[in-house]
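Hi,

Here is the structure I promised to pass on. Have a look at it first, and my notes on what turned up follow below.

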Amino acid sequence: MQGVADAFGLHELAVEDAVHAHQRPKLEVYDETQFLVLRTVKYVEHESIQATSEVVETGEIMIFFGKDFVITVRHGDHTHLSDLRHHLEKRPEQLALGPTMVMHSIADLVVDSYLAVTDRMEDDVDAIEQSVFGRGGLDIDPVYLLKREVLEMRRAVAPLIGPLSQLTASNQVPKEVRRYLRDVTDHLTTVIDRVIEFDDVLSSLLDAAAAKVALQQNTDMRKISAWVAMAAGPTMIAGIYGMNFDHMPELHWGYGYYIVLTVMVLLTIVLWRNFRKHNWL
């Protein structure tokens with residue numbers, strides 16, 4: 001990379017960023033050379049959101065472009081540019097617009113990949129929504145996983161709107177290329193809107209899941225309270241007649257034992273019917 005930097009006069013700060021990566025989308029201008037950082041994304045195939053630990057994988061493409069050259073540095077195993085190069089070589093009228101047209105084509109390819117990834121992520125969001133509101137057991141972990149991946153996607157795409165806006169307003173970019181860049185910006189805005197929508201939906205699902213858990217806990221507590229109340233009556237009666245006093249009503253009756261058992265059973269049945277009537281059991 002240092003040899004490339006010496007040959008094309010690249011600034012050392014931009015070269016350092018290109019080598020070490022982990023940059024956010026940005027545009028830097030060094031005299032007649034511009035340095036554009038794009039975050040790439042790849043959808044990780046999986047059978048279900050519950051059976052994966054990753055939904056999107058991110059990488060980076062750094063683009064150095066000047067009056068007569070374009071240099072790309074790629075981090076990550078996706079968003080290959082060989083097909084794009086062959087596509088441009090078959091269209092000399094586009095290459096005649098200069099290095100900025102190549103830069104646009106790379107940005108357009110990356111933003112189109114954003115659209116493809118958001119289409120796949122939408123299916124995951126729908127699956128999560130069905131699982132939250134379905135009749136089966138509630139598993140909150142996939143919701144947090146997908147929200148984390150949506151936030152990663154948002155950090156990758158949202159900051160790019162600034163650099164593209166700078167390029168569309170730059171006099172160093174030909175007018176025809178700026179028109180193409182405006183189209184890329186429109187696509188990026190669509191992606192950002194969809195990612196924000198996913199984030200809002202997942203936040204709503206987390207609130208709904210929490211409300212569902214609270215409702216389930218409230219139902220369980222009502223059932224527990226009902227069973228405790230039904231057990232309290234017989235326990236109280238049994239406790240009274242277990243105090244072993246000599247002078248107690250009905251203590252020496254021949255049928256006292258059966259009468260007490262009957263009262264316990266009747267009391268329990270009355271409480272059970274009352275709780276069932278009010279949907280506590």
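**Two loops with an unusual backbone**

H22 sits in the loop that joins α2 (12–20) to β1 (26–30). Before going further, please keep in mind that this is a predicted model.

What caught my eye about H22 is its backbone: phi is positive, about 55°, although the residue is not a glycine. Most residues other than glycine have a negative phi. The side of things you may care about at the bench is accessibility, and H22 counts as exposed because its relative accessibility is 74%, where exposed means over 50%.

D31 tells a similar story. You'll find D31 in the loop between β1 and β2 (33–43). Phi of D31 is near 55°, again a positive value in a residue other than glycine. With a relative accessibility of 73%, D31 counts as exposed too.

**Domains**

The domain assignment splits the protein into domain 1 (1–215) and domain 2 (222–278). Taken over C-alpha atoms, the centres of domain 1 and domain 2 are separated by 70 Å.

For a residue-level view of distance, take Y241, in the loop between α8 (175–240) and α9 (256–277). Y241 and H22 are 219 residues apart in sequence, and their C-alpha atoms are 77 Å apart in space. Is Y241 buried, exposed or partly exposed? Its relative accessible area is 32%, and since partly exposed covers the range between 20% and 50%, Y241 is partly exposed.

**Helices packed against α8**

Now for α8, which has packing contacts with α6, α7 and α9. Two packed helices are described by the angle between their axes and the distance between the axes, and that is how I go through them here.

Start with α6 (residues 141–157), which packs with α8 at an angle of about 155°, the axes being 10 Å apart. Angles over 145 degrees count as roughly antiparallel, so α6 is roughly antiparallel to α8. Their crossing is left-handed. On the α6 side the contact includes V143, Y144, L146 and K147, and these α6 residues and others meet α8 residues including L188, V191, I192 and V195. Sorted by class, the residues of this contact come out as 16 nonpolar, one polar and three charged.

Next is α7 (residues 161–168), with an angle to α8 of about 160° and axes 9 Å apart. That makes α7 roughly antiparallel to α8 as well. Here too the crossing is left-handed. From α7, the contact takes in I161, L164, L167 and T168; from α8, the residues are R178, L181, R182, V184, T185, L188, T189 and I192. This contact of α7 with α8 holds seven nonpolar, three polar and two charged residues. If you compare the lists, L188 and I192 of α8 turn up both in the contact with α7 and in the contact with α6.

Last comes α9. The angle between α8 and α9 is about 165°, with the axes 9 Å apart, and that makes α8 roughly antiparallel to α9. This time the crossing is right-handed. α8 brings A226, A229, M230, G233, P234, I237 and A238 to the contact, while α9 brings V260, V263, M264, L267, T268, L271, W272 and F275. How many charged residues are in the contact of α8 with α9? There are no charged residues in it, alongside 13 nonpolar and two polar ones.

Cheers

Notes: Residues are numbered from 1 along each chain as its sequence is written. This is a predicted model: local features need pLDDT of at least 70, side-chain atom pairs count only at pLDDT 80 or more; totals for chains, interfaces and linings use all residues. Side-chain values use heavy atoms; hydrogens and water are left out. Helices (H or I, at least four residues) and strands (E, at least two) are DSSP runs, numbered from the N terminus. Buried means under 20% relative accessible area, exposed over 50%, partly exposed in between (1.4 Å probe, protein chains only). Axes are lines fitted to C-alpha atoms, for helices over the stretch in contact, and angles run from 0 to 180 degrees between N-to-C directions. Angles under 35 degrees count as roughly parallel, over 145 as roughly antiparallel, 65 to 115 as roughly perpendicular and the rest as oblique. A crossing is left-handed if the near helix is turned anticlockwise from the far one by less than a right angle, and right-handed if clockwise. Contact means heavy atoms within 4.5 Å. Ala, Val, Leu, Ile, Met, Phe, Trp, Tyr, Cys and Pro count as nonpolar, Asp, Glu, Lys and Arg as charged, and the others, Gly among them, as polar. Domain bounds come from an automatic or database domain assignment.
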